[in-house]
Amino acid sequence: HLNIFEKKHMKFIVSSSSLYKELQILGGVINSSNTIPILDNFLFDIDKNKLTISSSDLESTMSSEIDIESTSKDKIAVSAKLLTDILKTFSEQPLTFIKTENNTIEISASNGKYSLAYLDGEEFPKQVEILDAHETTIDSAYLGNAINSTIFASGTDDLRPVMSGVFFQFNSDSLKFVATDAHKLVKFETSEFTAKNVSEFIMPKKPLQILKGILQTEESNLTIQHNESNAKFSFGKSSITCRLIDGKFPNYEAVIPKENPNVLTIDRQLFLNSVRRVSIFSNKTTNQIRLKISGSLLNISAEDFDFSNKADENLECQYSGDDIQIGFNSKFLIEMLNNLDSETITLSMSHPNRAGIIRPVNENENDKESITMLVMPVMLND
């Protein structure tokens, strides 16, 4: 009868700040409005000195483990909003959680008691077991960087779900991460980490946003397990399991032009600032700017005929190739230049109607990693 007794008198002590830190991250999974009420809650799974907290939106489930003082074993679901709101106000202190006679959880802090209702933890959706999984290990911060470098290029069109996530393509020479919305495309490739088997899958945006937020400061290795329908990312004492996007990712290699004889090399920040300024004068629907390159002179211009606004700037650059005039949507150009951190970049082009390719020029020559960004041109209306 011990089990019944333990459940009835469930009690544990936890540090308020370590609990709050985990809940802030886990809260990212919870939708603002849920059709199933239990999803508005965190699941607390107490197992002696270990507390596993989970949150879910049915598509993704995240869990983290923290140390507590307890001898109980129990599973309860508690209101995410209430708990996060109260924890936000506490300074670091031990909090005692106790189940009371009248179906509430009582939290005792140094100078107050707070009671809240709980639900039966058994009703909470279970984290999916991933059977027949492919498994790959990668450095956490590195994956954070790969997500950060690609996610901004993924689409937002619900009619083309395969383009609304990031494509992971793994094999024994490299790991590739690709995102595109048909106007821009980013491919991040590394040979520093590899996979045993050839495999590919499309990850939805939401769990990636959550991972991106955590991983760049995480100092452990991360394991990715995936099968046809789900993927699980495990790192430190946390994991996220999510349903993959179903469908076939477009053949992106086919759209990357192979021959690009016209190559512009320029200081990234200089180029970015100039594009930013000039684009203020561009047409608000097309955001079109014009690049005109001849010799070592780059001219960036924009004109909004509806309002007689126009701007042009000249920049010194290194250039090899034929004189060229090409139009781009400045919004995409700015996004790409913003998502690189190298001092210098190259923009390679073939024709005014073919995609331009932006690449970082890495001073530290990291041959194991490459980033290719592709931006579709817009037709210039002369």
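Helices and strands are DSSP runs, with at least four residues for a helix (H or I) and at least two for a strand (E), and they are numbered from the N terminus. With that in hand, we can place L58: this residue sits in the loop between strand 3 (50–56) and strand 4 (60–67). Keep in mind as you look around that this is a predicted model.

## The whole chain

Let us start with the overall picture. The chain has seven helices and 27 strands. Its C-alpha trace spans about 85 × 50 × 40 Å along the principal axes. The chain counts 382 residues, and 51% of them are buried. How are the contacts spread along the sequence? Among contacts between residues at least 6 apart in sequence, 67% join residues at least 24 apart.

## Two pairs of packed helices

Two packed helices are described by the angle between their axes and the distance between the axes. Here are two pairs to find in the structure.

| Helix pair | Angle between axes | Distance between axes |
|---|---|---|
| Helix 2 (residues 16–26) and helix 3 (residues 80–89) | roughly 135 degrees | within 10 Å |
| Helix 4 (residues 140–150) and helix 5 (residues 205–215) | about 130 degrees | 8 Å |

Take helix 2 and helix 3. They cross at roughly 135 degrees, and angles over 145 degrees would count as roughly antiparallel, while 65 to 115 degrees would be roughly perpendicular. Helix 2 and helix 3 are therefore oblique to each other. The crossing of helix 2 past helix 3 is left-handed. Which residues make the contact? From helix 2 come S16, L19, Y20 and L23, and from helix 3 come L83, T84, L87 and K88. Sorted by class, the residues in this contact of helix 2 with helix 3 are five nonpolar, two polar and one charged.

Now turn to helix 4 and helix 5, which pack at an angle of about 130 degrees. That angle makes helix 4 oblique to helix 5. Their crossing is left-handed. Helix 4 brings S140, A141, L143, G144, I147 and N148 to the contact, and helix 5 brings L208, L211, K212 and L215. In the contact of helix 4 with helix 5 there are six nonpolar, three polar and one charged residues.

If you wonder about the spacing of residues along a helix, a general rule helps: an α-helix has 3.6 residues a turn, so residues three or four places apart point the same way.

## Helix 7 and the loop after it

Helix 7 covers residues 330–338, and its buried residues include S330, F332, L333, I334, M336 and L337. At the start of helix 7, a side-chain oxygen of N329 comes to within 2.8 Å of the backbone nitrogen of K331.

Moving on along the chain, you reach S342, in the loop between helix 7 and strand 24 (344–349). Is S342 buried or exposed? The relative accessible area of S342 is 5%, so this residue is buried. A polar atom of the S342 side chain lies 2.9 Å from the backbone oxygen of T344. Beyond its neighbours within four places in sequence, S342 is in contact with R268, P360, V361 and N362.

## Two loop residues with positive phi

Most residues other than glycine have a negative phi. Against that background, two residues are worth a look.

L58, the loop residue from the opening, has a phi near 75 degrees, a positive value in a residue other than glycine. L58 is partly exposed, since its relative accessible area is 43% and partly exposed runs between 20% and 50%.

N287 also has a positive phi, near 50 degrees. You will find N287 in the loop between helix 6 (268–279) and strand 19 (288–294). With 14% relative accessibility, N287 counts as buried.

## N227, a buried loop residue

One more loop residue rounds off the tour. N227 lies between strand 15 (221–226) and strand 16 (230–235). Its relative accessible area is 18%, so N227 is buried. What does the side chain of N227 reach? A polar atom of this side chain lies 3.0 Å from the backbone oxygen of L131, and the side chain of N227 reaches the backbone nitrogen of N230 at 2.9 Å.

Leaving aside neighbours within four places in sequence, N227 is in contact with I130, L131, D132 and L244. N227 and E135 are 92 residues apart in sequence, and their C-alpha atoms are 9.2 Å apart in space.

Methods:
Residues are numbered from 1 along each chain as its sequence is written. This is a predicted model: local features need pLDDT of at least 70, side-chain atom pairs count only at pLDDT 80 or more; totals for chains, interfaces and linings use all residues. Side-chain values use heavy atoms; hydrogens and water are left out. Axes are lines fitted to C-alpha atoms, for helices over the stretch in contact, and angles run from 0 to 180 degrees between N-to-C directions. Angles under 35 degrees count as roughly parallel, over 145 as roughly antiparallel, 65 to 115 as roughly perpendicular and the rest as oblique. A crossing is left-handed if the near helix is turned anticlockwise from the far one by less than a right angle, and right-handed if clockwise. Contact means heavy atoms within 4.5 Å. Ala, Val, Leu, Ile, Met, Phe, Trp, Tyr, Cys and Pro count as nonpolar, Asp, Glu, Lys and Arg as charged, and the others, Gly among them, as polar. Buried means under 20% relative accessible area, exposed over 50%, partly exposed in between (1.4 Å probe, protein chains only). A polar contact is a pair of N or O atoms within 3.5 Å; within protein, one must be able to donate a hydrogen and the other to accept it, and residues adjacent in sequence count only if both atoms are side-chain atoms.
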